[in-house]
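Open the model in your viewer and keep the selection box at hand. The stops below say what to pick next and what you will find there.

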Amino acid sequence: MQTKAVILAAGKGTRMKSDLPKVVHTIEGKCLVDYVIEAAKGAGVQEVCLVVGYQHEVVEESILHKDVAFALQPEQLGTGHAVMCAREFLGTQGSTMILFGDTPLITADTLRRLQAYHVEHGNAVTVLSAYIDNPTGYGRIIRDEQGAFVKSVEHKDAAPEELASHEINSGMYIFDTAELASALTKLQPDNAQGEYYLPDTLAIIREKGLRVDAFALEDAEDITGVNDQEQLQAAAEIIRRRETSCIS
């Protein structure tokens, strides 16, 4: 089965306190987004597209991996809008992973496991989720009493009982590409921010009677993003620890 990856890499990252696009900050001489590209390719992804925006020329010039496609997101109108900008790349065949360019700790092994779970369960879309001690601010995965996926809800939109969930939506997914392409045409910016939210596609797909599920990691380390210099240093320490452990 053909698998593509769309990596969202259009943001500036103002909390980095730098004029550089966030995804080109480096760890061990490699851009953050290069780690994500390598994880995707290591998981068997055949084609990769970076959705770029802020200083996109810098991103295109800085990355080590030149064998990727680019889609321009001229305005930051949400994650759903970012994927819409890559619609031509998507096509309608196979499956598509949606990843973030600022998550250098994601591994090929985790993405392979996500893909295997997606195929084994016959899902139209599978969310990569994780359990964390303090989920404040994160979108939550809501399950029924039997443990089946019900929905993903943003923190600010969650009811008090939904906020009790410690399973968070990483924002990373694997979709049946045809269903993703179809759902994108139905997205509406019906929220206070006036943005197109990719998680809204889950409800659209589920309403068609198709299977939506979440693959939960017990350890959230792989999905940890980098938003500031302190988190950049923490990610660098983890990557160095992993490299040392591989050598030993």
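**Stop 1: Lys17 and Glu28**

Select Lys17, in the loop between β1 and β2 (26-27). This is a predicted model, so read every value on the tour as computed from it. Lys17 has a positive phi of about 55 degrees, although Lys17 is not a glycine. Is Lys17 buried or exposed? Its relative accessible area is 75%, so Lys17 is exposed.

Now move to Glu28, in the loop between β2 and β3 (30-31). Glu28 is not a glycine, yet its phi is positive at about 55 degrees. Glu28 counts as partly exposed, at 47% relative accessibility.

**Stop 2: Met1**

Pick Met1, in the segment before β1 (3-9). With a relative accessible area of 63%, Met1 is exposed. Which residues does Met1 touch, leaving aside its neighbours within four places in sequence? Select Gln46, Gly94, Ser95, Gln115 and Val119: Met1 is in contact with these. Then set a distance from the C-alpha atom of Met1 to that of Val153. The two atoms are separated by 30 Å, and the residues are 152 apart along the chain.

**Stop 3: strand β1**

Next, select β1. How many of its residues are buried? The count is 7 of 7, so β1 is mostly covered. In a regular strand the side chains alternate between the two faces of the sheet. Show the side chains and check each face of β1 in turn. Thr3, Ala5, Ile7 and Ala9 lie on one side, and they are buried. Lys4, Val6 and Leu8 lie on the other side, and they are buried too.

Add strand β6 (residues 95-100) to the selection. β1 and β6 pair in the parallel sense over 6 bridges. Look across from Leu8 to find Phe100 in β6.

Then add strand β4 (residues 47-52). β4 also pairs with β1 in the parallel sense, over 6 bridges. Here Ala5 has Val48 as its bridge partner in β4.

**Stop 4: the hairpin of β8 and β9**

Select strand β8 (residues 140-143) and strand β9 (residues 149-153). In which sense do they pair, parallel or antiparallel? They pair in the antiparallel sense, over 4 bridges. Label Arg140, then look opposite for Val153 in β9. The hairpin has 5 residues between the strands. Check Gly147 here: Gly147 takes a positive phi near 90 degrees.

Stay in this region and select Glu162, in the loop between β9 and β10 (167-176). Glu162 counts as buried, at 13% relative accessibility. Leave aside its neighbours within four places in sequence, and Glu162 is in contact with Arg140, Ile142, Lys151, Val153 and Asp157. Two of these names return from the hairpin: Arg140 and Val153, which stand opposite each other. Now take the C-alpha distance from Glu162 to Ser152. The atoms are separated by 9.8 Å, with the residues 10 apart along the chain.

**Stop 5: aromatic pairs**

How many aromatic pairs does the structure hold? There are 2. A pair of aromatic rings is described by the distance of the centres and the angle of the planes.

Select Tyr117 and Phe215. Their rings lie 5.2 Å centre to centre, with 40 degrees between the planes, and the pair is tilted. The pair links distant parts of the chain: Tyr117 is in helix α5 (residues 108-120), and Phe215 is in strand β11 (residues 212-217), 98 residues apart. Tyr117 counts as buried at 19% relative accessibility; the cut-off is under 20%. Phe215 is buried, with a relative accessible area of 10%.

Now select Tyr173 and Phe175. Their ring centres are 5.5 Å apart and the planes are at 45 degrees, so this pair is tilted. Both Tyr173 and Phe175 are buried.

**Stop 6: helices α6 and α7**

Finish with helix α6 (residues 177-184) and helix α7 (residues 200-207). They pack at an angle of about 110 degrees, with their axes 9 Å apart. That makes α6 roughly perpendicular to α7, because angles of 65 to 115 degrees count as such. Which residues make the contact? Show Glu179, Ala183 and Leu184 from α6, then Thr201, Ile204 and Ile205 from α7. Colour the contact by class: 4 residues are nonpolar, 1 is polar and 1 is charged.

Methods. Residues numbered from 1 in each chain as written. Predicted model: local features only at pLDDT ≥ 70, side-chain atom pairs only at ≥ 80, totals over all residues. Heavy atoms only, no water. Axes fitted to C-alpha atoms, helices over the stretch in contact; angles between N-to-C directions. Helix = DSSP H or I, 4+ residues; strand = E, 2+ residues; numbered from the N terminus. Parallel < 35°, antiparallel > 145°, perpendicular 65-115°, else oblique. Contact = heavy atoms within 4.5 Å. Nonpolar A, V, L, I, M, F, W, Y, C, P; charged D, E, K, R; others polar. Pairing = 2+ DSSP bridges. Phe/Tyr/Trp six-rings, centres within 6.5 Å; stacked < 30°, edge-to-face > 60°. Buried < 20%, exposed > 50% of the residue type's maximum accessible area, 1.4 Å probe, protein only.
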